[in-house]
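Trainee: Could you take me through one part of this model closely? I would like to follow a single helix and its side chains.

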Amino acid sequence: MPQEVAGLYVAVGRTASSASIASWADDPDPEYGGGINSELADVTRECAKLVSRLAWSPFRGRLFLYWRIDRLKRDADALAPRFTVNWTYGL
């Protein structure tokens, strides 16, 4: 697994977790509390898909890998001003 992919997933996952905790603190409603921004959820889901693809089919997962990483970084960078978490792509 490329370290860059793992680092991006960790950064995005931590940000999603922090956003969820902050959302729950603002509104502890059991049904809607803890929700996160849909764009952040999409980026997190895409990162998880990439990690899974690389883990389960390493050769096929590497096809267009760096294009996918660049796209996810652009999406994450577009969200960065809305969240207080520092984005880092390395571990």
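Mentor: Happy to; let us look at helix α2 and its salt bridges. This is a predicted model, where local features need pLDDT of at least 70, side-chain atom pairs count only at pLDDT 80 or more, and totals for chains, interfaces and linings use all residues. Residues are numbered from 1 along each chain as its sequence is written, and side-chain values use heavy atoms, with hydrogens and water left out.

Helix α2 covers residues 38-56 (helices are DSSP runs of H or I, at least four residues, numbered from the N terminus). Its 19 residues reach 27 Å from first C-alpha to last, close to the 27 Å expected at 1.5 Å a residue (the expected span is 1.5 Å times one less than the number of residues). At its start, a side-chain oxygen of Asn-37 comes within 2.6 Å of the backbone nitrogen of Glu-39.

Among the buried residues of α2 are Leu-40, Val-43, Cys-47, Leu-50 and Leu-54 (buried means under 20% relative accessible area, exposed over 50%, partly exposed in between, with a 1.4 Å probe and protein chains only).

Now the charged side chains. Asp-42 and Arg-45 form a salt bridge at 3.0 Å, N to O (a side-chain nitrogen of Lys or Arg within 4 Å of a carboxyl oxygen of Asp or Glu). The two lie three residues apart in α2, about one turn of the helix. Asp-42 is partly exposed at 41%, and Arg-45 is partly exposed at 45%. Glu-46 and Lys-49 form another salt bridge, at 3.3 Å, and are also separated by about one helical turn because they are three residues apart in α2.

Note on methods:
A polar contact is a pair of N or O atoms within 3.5 Å; within protein, one must be able to donate a hydrogen and the other to accept it, and residues adjacent in sequence count only if both atoms are side-chain atoms.
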